[in-house]
Amino acid sequence: MTSTSTPPGLARFNALEEHAAFTALHEACASTAWAKRLLAARPYATCEALYAASDAAMAELTAQDLAEAVAGHPPIGRPKPGDPTSAREQRGMAGASDALKAEMLELNLAYQEKFGHVFLICATGRTGEQMRDAVRERIGNTPEREREIVRTELGKINRIRLARLVEED
């Protein structure tokens, strides 16, 4: 394969029928606005072009669009039953002690009460303790500051999920 050819997974994504491509994107991120922007920019020549489009779409999401995206994520420590993506991303909590799981539940509830949505962090590769420390730190943020952190974390999650979508053979 030459450096100018489209990777097979990306070529498959580019060739998907519109509804199937929208569904795949919406599974990666529950924001309809984000998925529609990425869908409208197909075909992508490279994975980096797709990731750049994702970042640009993320930067333009309204507070309502962000809320829609965050609503698609389960609380840390409670992955969606039967969802391998959720379980894989939250693997750092899988072996956590009962005390840490209980503390995360309390922190998640306090965070949700303050901000109106689940605590969102790119959990891939993080330990339960790192996630706990992050929610402890972030709960003191203003809603405006936290919304921008959520936007950044969501962008990281979306890149990981897009990579799984288009880089697998």
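Me: How much area does the protein chain expose, and what share do carbon and sulfur atoms supply?
Reply: This is a predicted model, where local features need pLDDT of at least 70, side-chain atom pairs count only at pLDDT 80 or more, and totals for chains, interfaces and linings use all residues. Residues are numbered from 1 along each chain as its sequence is written, and side-chain values use heavy atoms, with hydrogens and water left out. Accessible areas come from the Shrake-Rupley method with a 1.4 Å probe; for residues, only the protein chains shown count as cover. The exposed area is about 8900 Å², and the carbon and sulfur share is 54%.

Me: What percentage of the 169 residues is buried?
Reply: Buried means under 20% relative accessible area, exposed over 50%, and partly exposed in between (1.4 Å probe, protein chains only). In the protein chain, the buried share of the 169 residues is 42%.

Me: How many helices and strands are there in the protein chain?
Reply: Helices (H or I, at least four residues) and strands (E, at least two) are DSSP runs, numbered from the N terminus. Along the sequence the pattern reads α-α-α-α-α-α-α-α-α-α. The count is ten helices and zero strands.

Me: What radius of gyration does the protein chain have?
Reply: The radius is taken over C-alpha atoms, and the globule rule is 2.2 Å times the number of residues to the power 0.38. For 169 residues, a compact globule would have a value near 15 Å. The protein chain agrees with that, at 17 Å.

Me: Is Glu146 buried or exposed?
Reply: Glu146 sits in helix α10, residues 143-167. Its relative accessible area is 0%, so Glu146 is buried.

Me: Which residues is Glu146 in contact with, leaving aside neighbours within four places in sequence?
Reply: Contact means heavy atoms within 4.5 Å. With those neighbours left aside, the partners of Glu146 are Tyr111, Phe115, Arg138 and Asn141.

Me: How far apart in space are Ala30 and His73, C-alpha to C-alpha?
Reply: Ala30 is in the loop between α2 (18-28) and α3. Its relative accessible area is 16%, so Ala30 is buried. Leaving aside neighbours within four places in sequence, Ala30 is in contact with Glu68, Ala69 and Gly72. His73 is 43 residues from Ala30 in sequence, and their C-alpha distance is 8.4 Å.

Me: Which residue does a cis peptide bond join to Arg42?
Reply: The partner lies in the loop between α3 (32-40) and α4 (47-59). The bond has an omega of about 0°, and the residue joined to Arg42 is Pro43.
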